[in-house]
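Trainee: Please take one part of this model and go through it closely with me, starting from a single residue and following its contacts outward. I would like one connected account rather than a list.

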Amino acid sequence: MQVTRPAPALRSNDLCWCGSGRKYKRCHRSEPVRAGRQSPRRLVPDTIPAPPYAETGQPVDTGEAMVRPPEVIDRMRRTGAAAAQILAAAGAMVAPGVTTDAIDELVHQRSIDAGGYPSPLGYRGFPKSVCTSVNEVICHGIPDDRALVEGDIVDIDVTLYREGVHGDTNATFLVGRVDPASARLVDVTRQCLELAIDAVRPGAPFNVIGAAIQGHAEAEGFSVVRDFVGHGIGRTFHGPPHVLHYFDPTFTLLMEEGMTFTIEPMISQGDWRARMWADGWTAVTADGRRSAQFEHTLVVTAGGAEVLTAFDGTPTA
């Protein structure tokens, strides 16, 4: 297979890609992401049913099987659609000058307005209602008062708990004018998710998902993050099976009709390895280059897969 090599990264004194005539360092070059100030934890009304971990932060084993009954899948279908609409509303906010805390505020309120609880809030101590991961942040970025700047990319990860089940989805959005290499990263990451969903079918081993993602990402000159995986989802936020986004020949568990799980590839421009911030949540690329992510919750059907978090209004690159 022929590998497409990405264009060399611009140096500080090169002319900016945007055609302004200014040096890259004075125009669209972004500084490394730094943690800002967090607002106080937002409250959820007592009238909203909360997941079992809401008070203690510790997940509870619900004992549910990986194959969900039709009644649970129906609830997941409604909850997933609501989560997708919240993600679309959050994505529509993305613009230079908007803070990730403002996005968190919207997601929090939209979740309540939908009659649901924002699943990340309190989960293992996570302090916010949504994850916002900017530029080199791979995942689990904590919203704060840092304003988005033109040229950023930001992944928004929304999970809604409603009707006793979770719906989990995310997408990466462009902030104003973005350099071509970052826009291409976002496009390829979305394509990886689409190819992975196309590979889902009853009787197939789970490693076909990773093969589809890794094959496409590496052919386009990118790498697949391996430290984080997709997961089973239903009444439990995170459960079996773990869904690898790279090919592992030993991952031969077979898909069955009625299984529900997420696929959420994280694709990086350079090194696939991650390092963690001191907050214990924020994962960034080891080399400081950018990473993008897309995610859907889906159910295995007789004909392949049904995406439970689909929403045509979700804006992407």
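Mentor: Arg37 has a relative accessibility of 66%, and because exposed means over 50%, Arg37 counts as exposed. Please keep in mind throughout that this is a predicted model. Arg37 forms a salt bridge with Asp145, in which the closest N and O atoms are 2.9 Å apart. Since Arg37 lies in the segment before α1 (70–93) and Asp145 in the loop between β3 (137–139) and β4, this pair ties together parts that are 108 residues apart in sequence. Asp145, at 33% relative accessibility, counts as partly exposed.

The loop that holds Asp145 lies between β3 and β4, and strand β4 (residues 153–162) deserves the closer look. In this strand 10 of the 10 residues are buried, so β4 is largely enclosed by the rest of the structure. In a regular strand the side chains alternate between the two faces of the sheet. For β4 both faces are covered, with Ile153, Asp155, Asp157, Thr159 and Tyr161 buried on one side, and Val154, Ile156, Val158, Leu160 and Arg162 buried on the other.

As for its strand partners, β4 pairs with β1 (residues 117–118) in the antiparallel sense over 2 bridges, and there Pro118 has Leu160 as its bridge partner. Strand β2 (residues 131–134) also runs antiparallel to β4, joined by 4 bridges, with Ser133 standing opposite Asp155. Strand β5 (residues 165–174) is antiparallel to β4 as well, and 10 bridges join the two; Thr159, for example, has Asp168 as its bridge partner in β5. The hairpin of β4 and β5 has 2 residues between the strands, and Glu163 in this hairpin takes a positive phi near 55 degrees.

Returning to the charged pairs, the salt bridge count comes to 16. One of them joins the side chains of Lys128 and Asp101, at 3.4 Å from N to O. Lys128 lies in the loop between β1 and β2, and Asp101 in helix α2 (residues 100–113), so this pair ties together parts that are 27 residues apart in sequence. Because buried means under 20% relative accessible area, Lys128 at 1% counts as buried, and Asp101 at 14% counts as buried too. Salt bridges that share partners join Arg42, Asp101, Asp104 and Lys128 into one network.

Methods. Residues are numbered from 1 along each chain as its sequence is written. This is a predicted model: local features need pLDDT of at least 70, side-chain atom pairs count only at pLDDT 80 or more; totals for chains, interfaces and linings use all residues. Side-chain values use heavy atoms; hydrogens and water are left out. Buried means under 20% relative accessible area, exposed over 50%, partly exposed in between (1.4 Å probe, protein chains only). Two strands pair if DSSP finds at least two bridges between them. A salt bridge is a side-chain nitrogen of Lys or Arg within 4 Å of a carboxyl oxygen of Asp or Glu.
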